[in-house]
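I opened this entry to keep a record of what I looked up. The notes follow in the order in which I took them.

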Amino acid sequence: MLSRVKLARLLSTELFLRCSLGQDTVKDIFRHTNGGLRDVCTSTKLYRKAEEKPKKREMSEKKLTRHFVDYCRVKLEAGSGGKGACCFLSQHLKEWAGPDGGNGGDGGSIILKADRFVKSLAKVPQICRGQNGEPGGTKNCYGRNGHATYISVPLGTIVKEQGVTIIDLSEHGQEYVAAFGGLGGKGNRFFLSNENRAPMTATPGMPGQERVLHLELRTMAHAGLVGFPNAGKSSLLRAISNARPAVAAYPFTTLNPHVGIVEYRDYEQVAVADIPGIIRGAHLNRGLGLSFLRHIERCRFLLFVLDLSVPEPWAQFQHLCYELDQYEPSLSQRPQVIVANKVDLPEAQENLLALKSRVTQRIIALSALTGQNTEELILHLRELYDGHLQCTSEDKPVRW
Ligand SMILES: Nc1nc2c(ncn2[C@@H]2O[C@H](COP(=O)(O)OP(=O)(O)OP(=O)(O)O)[C@@H](O)[C@H]2O)c(=O)[nH]1
Ligand SMILES: [Mg+2]
């Protein structure tokens, strides 16, 4: 056993040697010293292990499409109650000791629970059955209740039944009892009375509730990037946040919404969602259709990303507003800013001047590729966010 003083002295010696001789040499020296110092050096080993850990590979967009499910139909069948028992007690010297059938246990309910670590509805089963209650037993033993079955859903899940919204699960840990378990049956002991000393009645358990629910995921973000395919939405999200959506020179690279977090010095976080590209006629299901617009329904402000390399970029803006109006009329009225992207290209300057003369909205010209002027967008995002917090002071900001 090492005394505390001796241990402290050895530790300080090791630290000094580490600084002057280097890690490996010191490790070798201390391997041969008495006193079990190797145990003291475990933090170095752990640090090494963490360093050698292979980097997590990014999932391709195609693979992600299989994993990302934002709509599902689920059939719920809660557990049935256990049946009550019908039996009589017979003891030594007391043959007719009375009824002793216990009650059955209650069936398990099915509960939907919002979990911020769950990102899609992919793991929600098509049919979910709750646990049944156990039947009652002799000697007045009650059956065990069925356990509640939890289904974890991502934040922002909307629960609908026959087209009617029932609940919006938007807070971490929020629960909704989607199907109640059936009550357990009564054993014949329950029916014992002065009038009936030997009841033969025992009731079966009630069946659990059955429901068919539709779950819809609406991504929760403060700002939504809306634009034509190839406008540079994903490049922009990569430039302003740590999110890594795929970027390529062909249309419809992004097939799923991605959320990136813009962090500020005061630790405030603004979430920005990259929505798959929208084209003219999307409301008629052209391109990827408008189903992805459900993800910007919750966005408080919109960033229209326009491509300055195409002639007449303002036409893109008009088409986008029209498509948004077709989906939900109030959507295009939200606080918005136009992000004129690809300002680094030679033809961009001329198109930018023409765009400025044609639209009244604020325009932020930048290049997502070179990072030119992205600070202006980040600062403006913060202004929009602060304005939103002031308007809805009772609303708690969502934290990621
Ligand atoms: N020169 C230049 N090219 C850019 C800029 N931003 C994006 N690009 C290029 O434009 C192409 C499309 O970029 P993406 O970010 O994939 O565009 P997107 O809007 O996400 O496209 P979809 O996902 O298909 O809707 C890529 O080849 C990018 O390198 C920019 O500021 N300047
Ligand atoms: Mg994209």
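I began with one pair: Val159 stands opposite Leu215 in strand 8. Strands here are DSSP runs of E with at least two residues, helices are runs of H or I with at least four, and both are numbered from the N terminus. I then looked up the two strands: strand 5 (residues 157-161) and strand 8 (residues 210-217) pair in the antiparallel sense, over 4 bridges. Pairing requires that DSSP finds at least two bridges between two strands.

I noted the ground rules. This is a predicted model, in which local features need pLDDT of at least 70 and side-chain atom pairs count only at pLDDT 80 or more, while totals for chains, interfaces and linings use all residues. Residues are numbered from 1 along each chain as its sequence is written, and chains are lettered from A and ligands numbered from 1 in the order in which they are written.

Next I traced the sheet. It is open, has 5 strands in the order 3-1-8-5-6, and its pairing is mixed. Strand 3 (127-129) and strand 6 (164-169) are at the edges with a single partner strand each, so one side of each has no neighbour in the sheet. Neighbouring strands of this sheet are turned by 30° against each other on average, direction ignored; the axes are lines fitted to C-alpha atoms, for helices over the stretch in contact, and angles run from 0 to 180 degrees between N-to-C directions.

I found another open sheet, of 3 strands in the order 4-2-7, also with mixed pairing. Its edges are strand 4 (149-153) and strand 7 (175-179); each has a single partner strand, so one side of each is left without a neighbour in the sheet. Strand 2 (residues 110-114) runs parallel to its partner strand 4, with 5 bridges. Ile111 has Tyr150 in strand 4 as its bridge partner.

I turned to ligand 1. It is surrounded by 24 residues, the closest being Gly232, Ser234, Thr254, Gly277 and Leu369; a residue counts if its C-beta atom, placed from the backbone, lies within 6 Å. Helix 5 (residues 233-240) gives the largest share of this shell, 3 residues.

Last, I checked confidence. The chain averages a pLDDT of 83, and 81% of the residues score at least 70; pLDDT is the predictor's confidence in each residue, from 0 to 100. Over residues 25-50 the pLDDT stays under 50. Residues 394-400 are also below 50. Where pLDDT is low, the predicted coordinates should not be read in detail.

Methods:
Two residues are in contact if their C-beta atoms, placed from the backbone, lie within 7 Å.
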